[in-house]
Amino acid sequence: MKTGAKILVESLQREGTEIIFGYPGGVVLPIYDELYDSSLRHILVRHEQAAAHAADGYARASGRVGVCLATSGPGACNLVTGIATAYMDSVPIVALTGQVPTNLLGNDAFQESDITGITMPVTKHNYLLKDAGDVSRVIKEAFYIAGTGRPGPVLVDIPKDVSTTSVKDVPVPEQVHLRGYNPTYSGHKRQIEKALQLIMAAERPVIYAGGGVILSNASAELIRIATELGIPVTTTLMGLGCIPCDHPLNLGMLGMHGTEYANFAITECDVLFAIGVRFDDRVTGKTETFAPHAKIIHIDIDPAEIGKNKRVDVPIVGDTKTVLTDMLACMKKKGIHDAWIKKIKHWKQHHPLKCPDDGCLHPQYIIRQMSELLKGDAVIVSEVGQNQMWAAQHFCFRHPRTWITSGGLGTMGYGLPAAMGAHFARPDVPVFDVAGDGSIQMNIQEFGTIAHYNIPVKVAILNNRYLGMVRQWQELFYDRRYSYTELPSVEFVKIANAYGIEGIKVESPDDVMPALKAAIECDGPFVLDFRIEREENVFPMVPAGAAINEMIGGHSR
Amino acid sequence: MKPHTLSILVENKAGVLSRVTGLFSRRGFNIESLAVGPCEEPDMSRITIVVIGDDAQVEQVMKQLNKLIDVIKVSDLTDNERVERELALIKVTAELGTSRAEIMQIASIFRASIVDVGAKTLILQVIGDTDKIDALEKLLRQYGVKEFVRTGTVGILRGSKTVTSGK
């Protein structure tokens, strides 16, 4: 006989879980009691939202399923933003929540909330356990659902009596069988051939690669396809790192804050090869003018993404890695697009991303210095806003899973806790959280966690005393009426020191590199408070609803 | 924009209906009618939903429905030969005398049955497609419809085609 809580902990171990991010409370006491002498590592965060983001950061950096744990009611509700963040970016996490005992369900009991109801639209699936005998099967299914097909978060709600009830040890099914869930991995052979024919006949092909390439670990296949067929590659925010930034065929990021040359290439291409992307509005701008001359090939594991925002000529439902591997096997000859590559090279030369050089402290410069120092061998996590876009534009990513950001939901406060999670996945490399002074204050309590466990996350705050991205929009589109976007100055180093974390305030460009080096040399966490040019903007920029080649703040306009 | 009849085979579990309807409400769709019940497989249920939308919108909802773990099969019956029926119960004011006879006559034309006879009311039960039931209700309005309740539409493909789990 074993309690539900014991079966839960054993089930997590069977799934290979090594770390849980969580916060205790009343109805999870039996689970915490089991954790007390288990070999599972538990990190006590300072707010449940951080537990979800940390599990997410761990999952993105490792490719494995992240796990978080919270109590019922407020604890569970605090996970919701983190779960929604993971859902939008297809990140596999299993969120475990305590629930009031089954006899009190629906009774407005103390700390009760209908968390399965609340999270229905932001989970891939969720469970309300009613019987301790189901624990091992449900945990197995939860990990399976989270990690297969298009990954996503799964929540398991565990009433207190399910944790405490003892049941006979039930054998765990070896395989998960869910008749309503059969993700397609292999692409249709004929469609793959059709896609290849289209690409071979193209004069101006472009690959548009996204988070799906990273999720399916298909970077090597992508680079081979691009190189052998001679096709330039632009990546989405989520796809950064799937091809090295300095690869001759790489065009950098496309879309609202993409490079001018990537957006020009999309606008002029005759075949658009979309791989693991979802034609998000921040990428396409006005959909009618996105790749207006192109035949579109789209690979995605989720059939619902194909044709959702843009009509597709050759849909291929399947796992990116599997489909690209099959495509490589079908390829008979190399592709040559010299004239097109030459044209793109010309654009690249004449429309580079700008980095002002006037003696003032500019964020672009800081990111570039960071890039030079780390040489791509680091995990860069970001918050959301200008800091995120500067990091995406100016850091040179060389490997998949080294860029971790909340792309879909755009969750401010994501960076610091996600960076904590990323560290446990990649303890071998430095982990930086590129932050803004607005975003960092959304989960600044996690200074407590990184200090507590000496988690060596380096927090680089691009401090402009504004909610910078909103201020930028107010400057450009609301007549500089800075409505509630100015923040008073905060001495972040003092806050860090109060938690026992070291830090440096940096006010001049000359001090950037020494400060970064000091951060790296420090064994523990470190806070860098960069006092940047206050009204620096993220450029180039496609105004909302415009065509993506109509960029402002670039070289063309 | 036209009505689409979707037949959805689901696991017979708590919460499944709410997962299914949630996908519609999240996209701002109004469900015209909904019918749920057990089916030929003991642990599955079949949901018939009528929803008004353009083809692309409905296709997107169907794809989203297919993503639900508890949904086993989704079919749009709309462009197929099919039988659709709903059942309505209509409580109509029927004072003794002429109106009662008239109502009974109307009922017989519609092949509706009288399932309850009260001192001042009759309850009619009618089965048919949506138009037939609408027509009957409209005719009865002049006598005073006190209460009107109808099931959602259920639909099934004609001939040997089926919407099953394919086991």
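## A fully buried helix

In H17(A), the buried residues (under 20% relative accessible area with a 1.4 Å probe, protein chains only) are Gly415(A), Leu416(A), Pro417(A), Ala418(A), Ala419(A), Met420(A), Gly421(A), Ala422(A), His423(A), Phe424(A) and Ala425(A). Helix H17 spans residues 415-425 of chain A, and 11 of its 11 residues are buried. Helices here are DSSP runs of H or I with at least four residues, strands are E runs of at least two, and both are numbered from the N terminus.

A word on the model: it is predicted, so local features need pLDDT of at least 70 and side-chain atom pairs pLDDT 80 or more, while totals for chains, interfaces and linings use all residues. Residues are numbered from 1 along each chain as its sequence is written, chains are lettered from A and ligands numbered from 1 in the order written, and side-chain values use heavy atoms, without hydrogens or water.

## The nonpolar core

Let's move to the largest nonpolar core (buried Ala, Val, Leu, Ile, Met, Phe, Trp, Tyr and Cys joined through side-chain atoms within 4.5 Å). Of its 52 residues, Phe21(A), Val381(A), Phe447(A) and Val459(A) touch the most other members. Helix H3 (residues 48-62) of chain A gives the most to this core, with 8 residues. Domain 1 (2-167) and domain 3 (363-531) of chain A each provide at least three residues; the bounds come from an automatic or database domain assignment.

Val381(A) links back to H17(A): leaving out residues up to four places away in sequence, its contacts (heavy atoms within 4.5 Å) include Gly415(A), Ala418(A), Ala419(A) and Ala422(A). Val381(A) also touches Ile404(A), Tyr414(A), Val431(A), Phe432(A), Asp433(A) and Val434(A).

## A pocket with both chains

The second largest pocket (an open set of points on a 1 Å grid over the protein atoms alone, with protein on both sides within 12 Å along at least five of seven lines) has a volume of about 660 Å³. Its lining (residues with an atom within 4 Å of a point) has 26 residues, and Tyr127(A), Leu128(A), Lys13(B), Ala14(B) and Asp70(B) lie nearest the centre. The largest share, 4 residues, comes from S6(A).

By class, this lining has 8 nonpolar, 8 polar and 10 charged residues. Asp, Glu, Lys and Arg count as charged, Ala, Val, Leu, Ile, Met, Phe, Trp, Tyr, Cys and Pro as nonpolar, and the others, Gly among them, as polar.

## The two domains of chain B

Chain B is assigned domain 1 (2-80) and domain 2 (83-154). Their C-alpha centres lie 29 Å apart, and 6 residues of domain 1 are in contact with 4 residues of domain 2.

Technical notes
Buried < 20%, exposed > 50% of the residue type's maximum accessible area, 1.4 Å probe, protein only. 1 Å grid on protein atoms, 1.4 Å probe; cavity = no way out; pocket = protein on both sides within 12 Å on 5 of 7 lines; lining within 4 Å. Points joined across faces, edges and corners; volume = space filled by probe spheres on them.
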